[in-house]
Amino acid sequence: MDDFLTDQQQAARVRSWVRQYAPPAAVALAIGIGGYFGYDQWQALGEQQTAEASERFEELRDILDSSNRDGAEELHQRLLADFPESAYADHARLLMAKEYVETTRPAMAAEELRELIAGTADSDLRQLARLRLARVYLYMDRPQDGLEVLEAGTPSDSWQPLTEDARGDLHRALGQVEKARTAYQAALDRTGQADFGWIRMKLDDLAGQADAQDAADEEAAGGEDQRPAAAEQGNAVDAAAELE
């Protein structure tokens, strides 16, 4: 049918189409172009922020290496405030926790590690922080708190050996020898091809302690058995003296 329209009629139809569809098409085109350039700008901004966070983190490491602890704490707080969602903020918490332990401020180290566990989206980093927090509690002579930290998470297979090793140390600190032995053995069973010789040393040490304790118990029991005999012999001597 369109083939039979006059040139004037076709021109009128085109003008009508333009009036009807051109504004929405223009808006869609504008949104598309704006969205593209907006995403491009957003991506550039993200890259800039990542670069700044990385720069700030490297500066923090340099300050800690120079033992400028006051400056390190100030820079650490600025990094957390300016880039709270970045991976560099997470690693900065880990770095400061290490610094606090080395400078005998374990309570501050524990606080950094708790914040990291609660806030990070990196599961491996969370498991590492959980292990370190458990050991900080062991250092603070709070092994039961350390066990609760380990119980609060489920480690992946790759983290199982180190987790069981830490669990063994915590049970040992509580004097729970059998539980410590079970944990150390579980760590060895999960090591695969890795060499965890220090755990074998801990097991050997526990076995040596158990043997020494058994020997001490046997000696104590033997001494108790001999005391009644000695008492009877003394009573017999006294009786003989009375007869004389």
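# A tour from helix α1 to helix α9

Begin by selecting E52, which sits in helix α1, a helix that covers residues 7–65; helices here are DSSP runs of H or I with at least four residues, strands are runs of E with at least two, and both are numbered from the N terminus. The model is a predicted one, in which local features need pLDDT of at least 70 and side-chain atom pairs count only at pLDDT 80 or more, while totals for chains, interfaces and linings use all residues. Residues are numbered from 1 along each chain as its sequence is written, and side-chain values use heavy atoms, with hydrogens and water left out.

**The whole chain**

Before zooming in, colour by secondary structure: the chain has nine helices and zero strands. Of its 244 residues, 30% count as buried, where buried means under 20% relative accessible area, exposed means over 50%, and partly exposed lies in between (1.4 Å probe, protein chains only).

**The patch around E52**

Return to E52 and add E55, E59, D62 and D65 to the selection; together these residues form a surface patch of negative charge. Patch members have over 30% relative accessible area and no salt bridge, and like charges are joined within 9 Å, whereas nonpolar side chains (Val, Leu, Ile, Met, Phe, Trp, Tyr) are joined within 5 Å. Asp and Glu count as negative and Lys and Arg as positive, with His and the chain ends not counted, and the place of a charge is taken as CG of Asp, CD of Glu, NZ of Lys or CZ of Arg. E52 itself is partly exposed, at a relative accessible area of 35%.

**Helix α4**

Next select E112 in helix α4, residues 106–119. Is E112 buried or exposed? With 7% relative accessibility, E112 counts as buried, and its side chain makes a polar contact of 3.2 Å with that of H76; such a contact is a pair of N or O atoms within 3.5 Å, and within protein one atom must be able to donate a hydrogen and the other to accept it, residues adjacent in sequence counting only if both atoms are side-chain atoms.

Now select E111 and R114, which form a salt bridge whose closest N and O atoms are 2.9 Å apart; the term requires a side-chain nitrogen of Lys or Arg within 4 Å of a carboxyl oxygen of Asp or Glu. Because E111 and R114 are three residues apart in helix α4, about one helical turn separates them. The relative accessible area is 35% for E111 and 35% for R114, which makes E111 partly exposed and R114 partly exposed.

**Salt bridges at helix α7**

The structure holds 15 salt bridges, and another to display is that between D165 and R135, with the closest N and O atoms 3.4 Å apart. This pair links distant parts of the chain, with D165 in helix α7 (residues 160–173) and R135 in helix α5 (residues 123–139), 30 residues apart. D165 is buried at 3%, whereas R135 is partly exposed at 34%.

Then select R167 and E151, whose side chains meet in a salt bridge of 2.7 Å, N to O. R167 lies in helix α7 and E151 in helix α6 (residues 143–151), so the pair ties together parts 16 residues apart in sequence. R167 counts as buried at 14%, but E151 counts as exposed at 57%. To finish this stop, select R135, D165, D169 and K202, which are joined into one network by salt bridges that share partners.

**A nonpolar patch**

Last, select L162, W198 and M201, which make a nonpolar surface patch of about 310 Å²; accessible areas come from the Shrake-Rupley method with a 1.4 Å probe, and for residues only the protein chains shown count as cover. W198 belongs to helix α9, residues 197–243, and is partly exposed at 38% relative accessibility.
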